[in-house]
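Trainee: I've got a model open and no idea where to begin. Could we go through it together?

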Amino acid sequence: MKVPGDLAKVKKYMENYVGLGVSFDIGVREITLRDVPVQIYYVNGLCDTAYIIEIMETLLGINEFEKIEAKDADIYELVKNRLVQQSVEVKQTMDEMVDQVLSGLIAVIVDGSEKALIVDVRSYPGRTPQEPDTERITRGARDGYVENIIVNTALTRRRIRDERLRFEIMRVGERSKTDIAIGYIEGIANPHLVEIIKRELGSIKTDGLTMAEKTVEEYLVKENYNPYPLVRYTERADVGANHLFEGHVLIFVDTSPSIMIAPTTFFHHVQHAEEYRQSASVGTIIRWFRFIGIFASLFLIPLWLLFVLEPHLLPKSLEFIGPNEDIHVHILLQVAFAEIGIELLRIASIHTPAPLSSAMGLIAAVLIGQIAIDVGWIVPEVLFYISIATIGSFATPSLELGLANKYVRYVLLILTGAFHVPGFIIGNTLFILYLSHINTLSTPYLWPFIPFSPKALWQIVVRKPVPGSHLRPRILHTLDRKK
């Protein structure tokens, strides 16, 4: 529907379809400029009130403009010219106007004009940029992305003052109309990749993005029941900027502080900003320790269980790693009890208020753990090895990857407990084959291990000094490979 020239019809439309007069936060201000009615529509809480007052004072100044040659001037043109210092767009349909108003902009409509002037005075409620809890570092910037898409793009542009940095915005969700911005550097990012992401986002048909970036991810990469993350999340602006320089595409979703990086591989999820805040040698050692933790979170418990079930596989010098006490409960059940207990503890810690978290930890660690050992439900070795595996999960930089590895470990435990050596070998083989089969936005998930690229794999194993890293990742097919 086009914007009516009669303001009474505009107001009637807003009352019938938008809730004007019913929803307390949707407002209208009506003023008269040289006997011509003007309406200003806005949403309380999403607009900067000071800007609205300033705009109204500017428009009311038209009534005091006494030059004879301007008395017969078109009021619409006068209003448009007075708003030139603001970010102004012209919309000719009611649907477009309403979308903008509900996004926090204001609409100025002059009687008889059949056009709406959209002025950007957004001031979204939210917190100030601060260091993310999940990506802390010892040194470096303490600002991080927040729930405001405007702030997030500004934090990124502050670090990349390149005129070729692009932020293309679109709205997704038939009812939520959530703002999504696609960030990339023109001349570096693969245009085909950008077009694929834009096409996939544009094809999303749903009422709203209830879980923000996670809902977008499920539509974008179509992961279904795959537990492994196919995009990387970050709340650090420096990490996002670094990936833009490499040729990745960032996806910003309004109301979410987590920015999606696409495409990514398995090895993108095992790196952390802390490695690049230390010297190359220290960063490499930190990375190796992290790899050991990730390996332990996946394979330590199934391997130990295999040696317990098949003690003849152990040499004499390593016999001490098995249970040294009489076992009253089958070892696989003990592992299952301990794994379930640790998982319940993790879930409970999320929902437990901070003042009660210490008491919960005391109950879980001292009472339940010690009593379970004393009564013979669990031998100490089970708790020891599961504790190491859990620490390895916590050392995984990506929360999503840590959880996926944990659930794969459960599958490996079941196969090893049921079929012993064949189960352990078959389970690990199927695991590698499964990961090698995954492709995310035409990118092999296990690259550079499968397909094998020795130079790229060496850069994952060893943190190279920045001056020695001259090329962008080949797998991204960037337009400019040299940094």
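Mentor: Sure. Keep in mind that this is a predicted model. Let's begin with one serine: setting aside neighbours within four places in sequence, S393 touches S297, G402, K406 and R409.

Trainee: Is S393 buried or exposed?

Mentor: First find its place, which is in helix α13, residues 380-394. Its relative accessible area is 10%. The cut-off for buried is under 20%, so S393 counts as buried.

Trainee: On to helix α7. What distance between its end C-alpha atoms would agree with 1.5 Å a residue?

Mentor: Helix α7 covers residues 191-202, so there are 12 residues to work with. The expected span takes 1.5 Å times one less than the number of residues. That gives an expected 16 Å, and the end C-alpha atoms agree, being apart by 16 Å.

Trainee: Why do the buried residues of α7 sit on the same side?

Mentor: The buried ones are L193, V194, I196, I197, E200 and L201. They sit on the same side of α7 because the arc they cover around the axis is only 160 degrees.

Trainee: Which exposed residues are on the face of α7 turned away from that buried side?

Mentor: Start with what covers the buried residues: β6, β7, α8, β9 and β10 are among the elements doing that. The face turned away from the buried side carries the exposed residues H192 and R199.

Trainee: Now the pockets. Which helix gives the largest share of the lining of the largest pocket?

Mentor: That pocket has a volume of about 1,200 Å³ and is lined by 40 residues, with E246, Y276, Q459, S469 and K483 nearest its centre. Helices α9 (237-246) and α15 (454-461) each supply at least two lining residues. The largest share, 6 residues, comes from α9.

Trainee: How does the lining of the largest pocket divide into nonpolar, polar and charged residues?

Mentor: Tyrosine counts as nonpolar here, so Y276, one of the residues nearest the centre, goes in that group. The full split for the lining is 16 nonpolar, 12 polar and 12 charged.

Trainee: And the second largest pocket: which element supplies the largest share of its lining?

Mentor: This one holds about 920 Å³ of space. Its lining has 29 residues, of which T134, P397, S398, L399 and E400 lie nearest the centre, and the split is 7 nonpolar, 12 polar and 10 charged. Elements supplying at least two residues each include α8, β8, α11 and α13. The largest share, 5 residues, comes from α14.

How values were computed. Residues numbered from 1 in each chain as written. Predicted model: local features only at pLDDT ≥ 70, side-chain atom pairs only at ≥ 80, totals over all residues. Heavy atoms only, no water. Helix = DSSP H or I, 4+ residues; strand = E, 2+ residues; numbered from the N terminus. Buried < 20%, exposed > 50% of the residue type's maximum accessible area, 1.4 Å probe, protein only. Contact = heavy atoms within 4.5 Å. 1 Å grid on protein atoms, 1.4 Å probe; cavity = no way out; pocket = protein on both sides within 12 Å on 5 of 7 lines; lining within 4 Å. Points joined across faces, edges and corners; volume = space filled by probe spheres on them. Arc of directions from axis to C-beta.
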